[in-house]
Structure formats: C-alpha cells, structure tokens
Amino acid sequence: MKNKELFEKTVSILVKAYQDDTLIAGEPCACAVGNIIASNMNYKLIKTVGSIKWPLGVNNAKWYDVVCLDSDYLKAEEVSYVDIDIKSTGYSKNELWLIEKAFESSENVKQKSEIFYKLMNTVDCLREIHEANTSDVCIAKSLFVKETV
C-alpha cells in the first residue's frame, strides 16, 4: 500500500463522521472531504437543523471552489486558506476531487442507507489512491456497519 497510515487515518475520520451523523451529501462542510479537512484542521463541526457548518471565521469550505469547481476567482487570502486546508489532508487537489466525486455518487439507493453506500464508494476510491489490498478494504468497510440495538 502506498500510504497505509493516511488510508487508515482517512477511514477513521469518515467512520467517526458516520457515527456522529456529520455527513451530508451536497454540503461542502459536511461531505466526505469537508469532514476530512475539518478533522485535519481541528475545526469543530456545528450541527444545525438540516445542515452542518464549520465555526465562524473559518473559510466556509472554499476548498470546494478549488477542488470541485476549479475556480480562478478566489482572492489571494482565500487561496492561502484553501491551500492550507488541502495540504492538511495529505492528499492532492486531484485526489480530493476523486474522493468527493466518489462520495457524491451512488444514485438510486434508499434514503436511509444512502450515506453508507456513498462511503463504500469512497473507500473504493481510497483503495485506488492508496493501492490498498482487498483485506485492508474489507476491514475498512466493516468499520461502517452500525450495530442495531
């Protein structure tokens, strides 16, 4: 595996986000990459009704404009914040785009299990990025299974 430590750290971040219900598709602060950046930058996610935000004063997920939209219009000070956010993850801009694309995919699944399937796609993407073996991927995927009481 190319970077087992980063693979495991990223999976751990996503498992925690899944368990804490801080994953929301289409929300730059609460999607897979939003949670990865928040964890690496020590941002405490703020839950509100129907959304999750980063703390006030944080760059409000401008990373999305750079990674997903490839924006040229960000001001110089915004770009420096975004660069810090992106570098904190250990991934390149393109790798974060692949992770985000994997998370935002998975159509035609039941609402209740949608996030789970999005995470399975995300782990498959991490497998490709890190050249992980089948055993590591199976272990990673099993961490997302929530126990029912």
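User: Which residues of α6 are buried in this model, and what makes them count as buried?

Analyst: In this predicted model, the buried residues of α6 are Ile-115, Lys-118, Leu-119, Met-120, Thr-122, Val-123, Cys-125, Leu-126, Ile-129 and His-130. They carry that label because each has under 20% relative accessible area. As for what they pack against, the partners are α1, α5 and α7.

User: How do you know that the span of α6 is close to the expected one?

Analyst: α6 has 17 residues, and from its first C-alpha to its last it reaches 24 Å. The expected span at 1.5 Å a residue is 24 Å, and the model comes close to that. Just after α6 comes Glu-131, with a positive phi near 55 degrees.

User: What makes the buried residues of α5 line one face of the helix?

Analyst: The buried residues here are Leu-96, Ile-99, Glu-100, Ala-102 and Phe-103. Looking down the axis of α5, they fall within an arc of 160 degrees, so they line one face. The general background helps too: an α-helix has 3.6 residues a turn, so residues three or four places apart point the same way. α5 itself covers residues 93-104 and reaches 16 Å, close to the 16 Å expected for its 12 residues.

User: Why are α2 and α5 called oblique to each other?

Analyst: Their packing angle is about 130 degrees. Roughly perpendicular ends at 115 and roughly antiparallel needs over 145, so this pair counts as oblique. The axes of α2 and α5 are 8 Å apart. On the α2 side the contact is made by Ala-32, Val-33 and Ile-36, and on the α5 side by Leu-96, Ile-99, Glu-100 and Phe-103.

User: How do you know that Glu-8 and Lys-4 meet in a salt bridge?

Analyst: The N to O distance between their side chains is 3.9 Å. The cut-off is within 4 Å, so the pair qualifies. Both residues lie in α1 (residues 4-19), four residues apart, which is about one turn of the helix.

User: Are Glu-8 and Lys-4 buried, exposed or partly exposed, and why?

Analyst: Glu-8 has 42% relative accessibility and Lys-4 has 40%. Partly exposed runs from 20% to 50%, so both residues take that label.

User: Why is Lys-16 called exposed, and what about its partner Asp-20?

Analyst: Lys-16 has 51% relative accessibility, and because exposed means over 50%, it counts as exposed. Asp-20, with a relative accessible area of 33%, is partly exposed. Their side chains meet in a salt bridge at 2.6 Å, N to O.

User: What makes the pair Lys-141 and Asp-124 a link between distant parts of the chain?

Analyst: Their side chains form a salt bridge at 2.8 Å, N to O. Lys-141 sits in α7 (residues 134-142) and Asp-124 in α6 (residues 114-130), 17 residues apart. Lys-141 is partly exposed at 22% relative accessibility, and Asp-124 is partly exposed at 29%.

User: Which residues are joined into one network, and how many salt bridges are there in the whole structure?

Analyst: Lys-4, Glu-8 and Asp-136 are joined into one network by salt bridges that share partners. Searching the whole structure gives five salt bridges.

User: And what is the pattern of helices and strands along the protein chain?

Analyst: The pattern is α-α-β-β-α-α-α-α-α, made of seven helices and two strands. Of the 149 residues in the protein chain, 43% are buried.

Notes:
Residues numbered from 1 in each chain as written. Predicted model: local features only at pLDDT ≥ 70, side-chain atom pairs only at ≥ 80, totals over all residues. Heavy atoms only, no water. Expected span 1.5 Å × (residues − 1). Buried < 20%, exposed > 50% of the residue type's maximum accessible area, 1.4 Å probe, protein only. Arc of directions from axis to C-beta. Axes fitted to C-alpha atoms, helices over the stretch in contact; angles between N-to-C directions. Parallel < 35°, antiparallel > 145°, perpendicular 65-115°, else oblique. Contact = heavy atoms within 4.5 Å.
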